[in-house]
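Colleague: Could you walk me through how you talk about the empty spaces in a protein model? I'd like to hear the reasoning.

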Amino acid sequence: MNILGIETSCDETSVAIVSNGKDVLSSVTNSQQAIHEKYGGVIPELGARKHIENIGVVYKEALDIARLGLNDIAAIAVTTSPGLSPALKTGIAFAMGLSQYGLPLIKVNHVIAHAYSLFLSQAYPNPDYPIITLIVSGGHTQLVRFDSPIEFEILGSTIDDAAGECFDKVARMLNLPYPGGPVIDKISSLGDEKAISFPRPMIESNNFDFSFSGLKTAVLYHIRDTKLTPSLEESNDPQKEISRLTTYDIAASFQEAVVDVLVDKTVRLAIKESVRNIGIAGGVSANSRLREKMIRRANEHNLDLFYPELNYCTDNAAMVAGLGYHMLKQD
Ligand code: KG4
Ligand code: ZN
């Protein structure tokens with residue numbers, strides 16, 4: 001059964017066709033990152049306009065790659081929340097248009113779809129239920145227990161910034177481009193993660209909630225105290241060289257603090273719930289240090305760790321179509 005998924009909740013216009021919730025026949029994503037980079041973040045109205053311009057082309061390409069026509073599609077799954085309202089509306093309107101051809105319309109929650117991205121992997125083994133999944137994106141940081149693709153309980157959430165949002169804001173403080181997560185990930189390998197001891201907010205708390213805004217402020221104060229202008233520019237000027245090396249160290253130390261909290265809480269929750277399977281999903285699950293430390297801790301505690309292929313970490317319609325299949329089956 002082929003489900004066509006549509007995702008336009010933020011700055012990616014994506015259409016995918018997934019067979020039986022597992023085989024990705026096509027997944028086409030047009031990213032607006034280059035457009036929003038100029039502004040240091042997503043401009044919702046501009047994004048919506050770009051979605052309108054792109055969605056028809058992306059849709060056609062998804063059908064062409066899968067070598068299918070609309071009559072081979074059983075249902076349309078579309079992200080309806082959460083997300084930027086003008087952006088979401090484009091995908092919803094397009095999906096409603098397609099459903100006029102007699103196809104069921106499945107309304108998919110974007111955050112829960114992220115958790116399903118683990119199940120699309122061809123490269124890694126299929127995870128099993130129950131599973132505790134850490135969903136870490138630009139808009140959300142949640143620990144969720146899943147007993148099936150559609151049965152879940154949210155056991156922890158951020159009380160302020162999301163982890164990805166914090167990566168993006170700290171990147172901005174370091175004069176790095178948007179989105180900040182991938183750049184911080186990359187330059188952190190050049191820095192010393194022990195150089196600065198940033199706080200690990202709420203790591204000791206009894207609950208499974210997160211808070212990242214204090215960490216963000218700690219980074220801001222640290223940058224101010226160094227009296228340097230963060231930069232990646234290579235230079236013969238010793239002062240600029242110090243700035244560059246300090247930028248690496250701040251990035252690495254900040255990333256380490258975020259990763260430590262995420263890993264610690266996920267593993268502790270799995271142990272508390274007596275669940276063997278843990279997963280990471282969402283844009284920040286692409287982070288190399290998060291994967292490295294999560295693998296290590298999972299091994300220490302005999303837990304099975306699952307993560308999405310890199311192209312399914314950030315926003316994509318394949319995860320929407322995959323989850324949509326299970327929602328349709330349940331009806
Ligand atoms: O899941 P996603 O594409 O969109 C939302 O649903 O928000 O996540 C985007 C977020 C951005 O904040 C971006 O900086 C972050 O994921 N991100 C990363 C990495 N790649 C993307 N954060 C840390 N390390 C990465 N490698
Ligand atoms: Zn997302």
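Colleague: What volume does the largest pocket have?

Modeller: The largest pocket in this predicted model comes out at about 1,100 Å³. Of its 40 lining residues, Ser137, Gly138, Gly139, Asp168 and Tyr178 are the closest to its centre.

Colleague: What makes Ser137 a lining residue of the largest pocket?

Modeller: A residue counts as lining when it has an atom within 4 Å of a pocket point. Ser137 is among the 40 on that list, so it has such an atom.

Colleague: Which element gives the most to the lining of the largest pocket?

Modeller: That's H5, with 6 residues. Strand S3 (23–31), helix H4 (110–116), helix H5 (163–173) and helix H6 (180–188) each bring at least two.

Colleague: How many residues in that lining are polar, and why would a glycine be counted there?

Modeller: The lining has 21 polar residues, along with 11 nonpolar and 8 charged ones. Gly goes with the polar class by definition, so Gly138 and Gly139 are counted as polar.

Colleague: And the second largest pocket, what is its volume?

Modeller: About 210 Å³. It has 15 lining residues, and Asn109, Ile112, Phe152, Leu323 and Met327 sit nearest its centre. Strand S5 (105–109), H4, strand S8 (152–157) and helix H10 (318–330) each give two or more residues to this lining, and H10 gives the most, with 3.

Colleague: How do you know which class Met327 belongs to?

Modeller: Met is on the nonpolar list, so Met327 is nonpolar. The lining of the second largest pocket has 10 nonpolar, 4 polar and 1 charged residues.

Notes
Residues numbered from 1 in each chain as written. Chains lettered and ligands numbered in written order. Predicted model: local features only at pLDDT ≥ 70, side-chain atom pairs only at ≥ 80, totals over all residues. Heavy atoms only, no water. 1 Å grid on protein atoms, 1.4 Å probe; cavity = no way out; pocket = protein on both sides within 12 Å on 5 of 7 lines; lining within 4 Å. Points joined across faces, edges and corners; volume = space filled by probe spheres on them. Helix = DSSP H or I, 4+ residues; strand = E, 2+ residues; numbered from the N terminus.
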